[in-house]
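Student: Got a minute to go through a structure with me? I'd like to start with one helix and work outwards.

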Amino acid sequence: MAVGSTDREGEEPALLSKLTRVRDNPAGSYAVHMHLSNLRESNRQSYFITIACRAFEDFLSENDAQLYTLFNGDLVLACRLIAVDDVDAVIEKVRNLFPEDPLTREEAGSYDDEFATWHDLAQPDELQSYVALINEFVAAAKESKEKLKA
């Protein structure tokens with residue numbers, strides 16, 4: 001994982017590989033998808049994504065977790081056997097980087113939270129649907145890359 005990676009190529013293939021490995025031992029696994037691509041345009045600058053990634057550095061060094069930067073600037077935190085409250089704290093840290101953005105105004109952890117979506121990867125149906133979603137991101141990233149080459 002490249003903390004602070006801003007090349008916008010994305011780490012979707014690495015995330016898919018991680019999700020494939022989770023299938024073998026899903027107990028206690030979950031992912032938090034932070035929808036930074038839905039922030040206001042002024043908050044989606046690459047340096048803000050870099051700062052958001054850096055907010056996870058201590059957390060990542062102390063826990064069984066990986067952070068993936070997707071091509072569109074979204075972040076996915078994949079965790080295993082980590083207390084939800086510990087993850088909430090670091091997600092809140094990132095949310096607070098964008099206090100004026102409408103995306104971050106919903107109460108953290110509420111069903112209406114559009115900033116972060118939690119996926120319980122220990123549930124086979126949820127893991128399968130999240131893998132399908134990330135496959136869509138892989139296709140979109142490839143299409144975006146091809147458009148840039150044209």
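Tutor: Here is a short walk through one helix and its surroundings. The model is predicted, so local features need pLDDT of at least 70, side-chain atom pairs need pLDDT 80 or more, and totals for chains, interfaces and linings use all residues. Residues are numbered from 1 along each chain as its sequence is written, and side-chain values use heavy atoms, leaving out hydrogens and water.

Student: What span should the twelve residues of H4 have?

Tutor: Helix H4 covers residues 84-95 and should span 16 Å, at 1.5 Å a residue times one less than the number of residues. Its end C-alpha atoms are 16 Å apart, which agrees. Helices here are DSSP runs (H or I, at least four residues), strands likewise (E, at least two), numbered from the N terminus.

Student: Which residues in H4 are buried?

Tutor: Val87, Val90, Ile91, Val94 and Arg95. Buried means under 20% relative accessible area, with a 1.4 Å probe and protein chains only.

Student: What does Ile91 touch?

Tutor: Val32, Met34, Phe56, Leu77, Phe115 and Ala116, not counting residues up to four places away in sequence. Contact means heavy atoms within 4.5 Å.

Student: Switching to Arg95. Why does Arg95 count as buried?

Tutor: Because its relative accessibility is 3%.

Student: Which side chains does Arg95 pair with in polar contacts?

Tutor: Glu92 at 3.3 Å, and Asp113 at 2.7 Å. A polar contact is a pair of N or O atoms within 3.5 Å; within protein, one must be able to donate a hydrogen and the other to accept it, and residues adjacent in sequence count only if both atoms are side-chain atoms.

Conventions:
Buried means under 20% relative accessible area, exposed over 50%, partly exposed in between (1.4 Å probe, protein chains only).
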